[in-house]
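Student: Could you take me through one part of this model up close? I'd like the loop residues with unusual backbone geometry, and then how they sit in the rest of the protein.

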Amino acid sequence: MNVTLTPAEINAYLKRIGLDTIKKPTLEFLAEMQQAHIHHLSWQTVDIFAGRPVGIDLQESVQLILQGRSGYCFHLNGAFSVLLHSLGYKVHWHRAGVQPHGEQPRVNSFHLGLSVSLPDEEPNVERWIVDVGLGGMPFEPIPLRYGTYGSAPFTYTLMPSSVVSGGWRLEYELNGPSKGVDFDPEELISLDEFIPKHEFYSQSADSPWHNTFLLRQRDRGHSYELRGCMLRTHGIEGISKTEIQTYNEWKDILTKLFFEPLVNYTEKERREMWDQIQIAHEEWKKTQPA
């Protein structure tokens, strides 16, 4: 990795995710940063929806975060890998592929996977899976050792991949946004092969995120998804859905729950975005059973 943050940038990044102290590169600090990152920076398609996608060059991704914005896997995991590298962690990039419900496992480079090498913190564990860029994000590092991790309702099972030799598969709990994700064990030295994948996701009319306003975020006890006007909350008590009725309510939820005040959009642009979301929502409602 040829990008390293300055001390001032490290402090600004940590402040962006609610942390104020630089610590030694331990597993404990890694877990603290992963939790803070996932909580304060939502996985989102806002810029794609608005027709203003940001590139996935590492410097661009870091600046996106430092300027008060967020993104999806290529931005979030790309920027986080730079932060970790700058703090002294040994970071590895991997090809990965998310398996939507009803489809087959794949490793197609539509997801950037991360792992981090640490001295043995536990017997037989030298590497940890960290991911702040999945829609169904583990809240803590997961040891690269097969087993089940996390507490209900957010459990993750790590197993051998069936689609790539020597790879691993992280499978979500039943109500996760996808079935799971497979990782290639090969360590990449650049993000070049992800560029056409990002171009498809962010510009193609065939992209699953084309015209989709979607944010996902987690804290320790809940996951949240805002899709257009619909807020989905998932916790130990079950799943609830709320239809957002007004612009002010929508903006309030974006800011207070998802930490997304849309800082680089004008008030006029925000209202236009809301109007576009409402139109799409009304069209969607017409397709639902009475």
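Tutor: Let's fix one cut-off before we start: buried means under 20% relative accessible area, exposed means over 50%, and partly exposed is anything in between. Keep in mind that this is a predicted model.

Now to Phe259, which sits in the loop between helix H7 (247-256) and helix H8 (267-286). Its relative accessible area is 28%, so Phe259 counts as partly exposed. The backbone is the odd bit: phi of Phe259 is near 55 degrees, a positive value in a residue other than glycine. As background, most residues other than glycine have a negative phi, and most peptide bonds are trans.

Asn211 also has a positive phi, near 60 degrees, and it isn't a glycine either. You'll find Asn211 in the loop between helix H6 (195-203) and strand S10 (214-218). With 48% relative accessibility, Asn211 is partly exposed too, because that value falls between the two cut-offs.

The peptide bonds have something for you as well. Ala152 and Pro153 are joined by a cis peptide bond, with omega at about 5 degrees. Pro153 belongs to the loop between strand S6 (147-149) and strand S7 (156-160).

For contrast, have a look at a residue inside a helix. Leu84 is part of helix H5 (residues 73-86), and its relative accessible area is 0%, so it is buried. Leaving out residues up to four places away in sequence, Leu84 touches Leu30, Met33, Tyr89, Val91, Val116 and Val130. There's also Ile10, 74 residues away along the chain from Leu84, with 9.5 Å between the two C-alpha atoms.

Two cysteines are tucked away as well: Cys73 is buried at 3% relative accessible area, and Cys229 is buried at 2%. The disulfide count for the model is zero.

Zooming out, the protein has eight helices and 13 strands, and 51% of its 290 residues are buried. A compact globule with 290 residues would have a radius of gyration near 19 Å, and the 18 Å found here agrees with that. Along the principal axes, the C-alpha atoms fill a box of roughly 55 × 45 × 40 Å. Of the contacts between residues at least 6 apart in sequence, 56% join residues at least 24 apart. As for the outside, the accessible surface is about 13200 Å², with 51% of that belonging to carbon and sulfur atoms. Finally, the charges: there are 27 positive and 37 negative ones, and their mean positions lie 4 Å apart.

Key
Residues are numbered from 1 along each chain as its sequence is written. This is a predicted model: local features need pLDDT of at least 70, side-chain atom pairs count only at pLDDT 80 or more; totals for chains, interfaces and linings use all residues. Side-chain values use heavy atoms; hydrogens and water are left out. Helices (H or I, at least four residues) and strands (E, at least two) are DSSP runs, numbered from the N terminus. The radius of gyration is taken over C-alpha atoms; the globule rule is 2.2 Å times the number of residues to the power 0.38. Buried means under 20% relative accessible area, exposed over 50%, partly exposed in between (1.4 Å probe, protein chains only). Contact means heavy atoms within 4.5 Å. Accessible areas come from the Shrake-Rupley method with a 1.4 Å probe; for residues, only the protein chains shown count as cover. Lys and Arg count as positive and Asp and Glu as negative; His and the chain ends are not counted. The place of a charge is taken as NZ of Lys, CZ of Arg, CG of Asp or CD of Glu. A disulfide is a pair of cysteine sulfur atoms within 2.5 Å.
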